[in-house]
Structure formats: C-alpha cells, structure tokens
Amino acid sequence: MTIGSKRKYDCPVLLFQGVAVVPFRGMDSSKRVSMWSVQDVLEWLQDQHPSHVSTLQRAFIKHAISGRALLRLRDHHLERLGLDAEEHLQEILQDLLLLRVQEEINELKDLHSGEEAPLFHHDSW
C-alpha cells in the first residue's frame, strides 16, 4: 500500500519510508502483539486482510501462528503458507512491519516507564 494506493482509511495515516502505515484498531490496543493468541491473529487477519482469510486461516491454525510467531513471519514464510500473489504478499508484509514497529514502541515505553524487570538483581550476586 504505497502512496496513491486505492485503499481508503478513516484514521490518521503515518508515512514510513514512503509507505502508508495505518494503526490496527480492531482489538484491545493495550494487548501486546507478542501476547496475541492464534484467535487474536485470526481476528487481525479478518480485519486487515479479509480477502486472504480463506488462504491463510487454515495454515495459521495448523501452524499455531500466535502473535509472537506472526511478528517473525517473512515473505518466504507467507509463500509457504499459500500466499503467492506479489501484491497481496507486499500488503501483508507492510502490515507485519507496522505490527513490529508497534511492538518495538511498546517495548521502549515499558523500558522508559520502568515496567521492565532488571536483567540482574543485586541480591543474586
């Protein structure tokens, strides 16, 4: 979905390296992508890519694609899961990039707010 894409959005759109980046609003935004269940991933797929649900739903269930696994998917994984059209592949890859960026932002917020547990406890030395 590059600039000039025919996709329409009803929310603010960010541009990342010339690509329209739209926040996913279909689920509780406080739940980290890495904590999504397979069902959460299927809801994301249905919301973001309804035309690909028939192709990917069975594969996501069969391979138990949770949020953590979703964040690690690359083009060759999607191809092996049955997605072969380059245009569709690029759309999903761009949305996966957005999810990774959102996850990184959440991790940085956690580190900044002090919610992350320290790596070492001085009591254990």
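A residue counts as buried under 20% relative accessible area, as exposed over 50%, and as partly exposed in between. Ile105 has a relative accessible area of 40%, so Ile105 is partly exposed. That residue is a good way into this predicted model.

## Overall layout

The protein has five helices and two strands. From the N terminus on, the order of elements is β-β-α-α-α-α-α. The protein has 125 residues, and buried residues make up 35% of them.

## Helix H5

Ile105 sits in helix H5, which covers residues 86-113. H5 has 28 residues. From its first C-alpha to its last, H5 reaches 40 Å, close to the 40 Å expected at 1.5 Å a residue. Many names appear on its buried list, including Leu89, Ile92, Leu93, Leu96 and Leu99. Charged residues are there too, among them Glu91, Asp95, Arg100, Glu103 and Asp110.

What follows H5? Gly114 does, and its phi is positive, near 85°.

## Two surface patches

Ile105 also belongs to a surface patch. Together with Leu97 and Val101, Ile105 makes a nonpolar patch of about 200 Å².

A second patch is negative. Asp75, Glu79, Asp84 and Glu86 form it. Asp75 lies in helix H4, residues 75-80. The relative accessibility of Asp75 is 37%, so Asp75 counts as partly exposed.

## Salt bridges

Side chains of opposite charge can pair when their charged atoms come close. How many salt bridges does the structure hold? It holds four. Three of the pairs are set out here.

| Pair | Closest N to O distance |
|---|---|
| Lys31 and Asp40 | 2.5 Å |
| Arg32 and Glu103 | 3.3 Å |
| Arg32 and Glu107 | 3.7 Å |

Take the pair of Lys31 and Asp40. Is each partner buried or partly exposed? Lys31 is at 34% relative accessibility, so Lys31 counts as partly exposed. Asp40 is at 10%, so Asp40 counts as buried.

Next comes Arg32. Its side chain meets that of Glu103 in a salt bridge. This pair links distant parts of the chain, 71 residues apart. Glu103 is in helix H5, while Arg32 is in the loop between strand S2 (19-21) and helix H1 (38-48). Both Arg32 and Glu103 are buried.

Arg32 also forms a salt bridge with Glu107. Arg32 lies in the loop between S2 and H1 and Glu107 lies in helix H5, so this pair ties together parts that are 75 residues apart in sequence. Glu107 is at 33% relative accessibility, so Glu107 counts as partly exposed.

The picture widens with one further residue. Arg32, Glu103, Glu107 and Asp110 are linked in a network of salt bridges. Asp110 is one of the buried residues of H5.

## A loop residue with positive phi

Which value of phi does Ala64 have? Phi of Ala64 is near 50°. That is a positive value in a residue other than glycine. Ala64 is found in the loop between helix H2 (53-62) and helix H3 (67-72). Its relative accessible area is 45%, so Ala64 is partly exposed.

## In brief

Helix H5 recurs in this report. H5 holds Ile105, a member of the nonpolar patch. H5 also holds Glu103, which pairs with Arg32 from the loop between S2 and H1.

Technical notes
Residues are numbered from 1 along each chain as its sequence is written. This is a predicted model: local features need pLDDT of at least 70, side-chain atom pairs count only at pLDDT 80 or more; totals for chains, interfaces and linings use all residues. Side-chain values use heavy atoms; hydrogens and water are left out. Patches are made of residues with over 30% relative accessible area and no salt bridge: like charges are joined within 9 Å, nonpolar side chains (Val, Leu, Ile, Met, Phe, Trp, Tyr) within 5 Å. Accessible areas come from the Shrake-Rupley method with a 1.4 Å probe; for residues, only the protein chains shown count as cover. Lys and Arg count as positive and Asp and Glu as negative; His and the chain ends are not counted. The place of a charge is taken as NZ of Lys, CZ of Arg, CG of Asp or CD of Glu. Helices (H or I, at least four residues) and strands (E, at least two) are DSSP runs, numbered from the N terminus. Buried means under 20% relative accessible area, exposed over 50%, partly exposed in between (1.4 Å probe, protein chains only). The expected span of a helix is 1.5 Å times one less than its number of residues.
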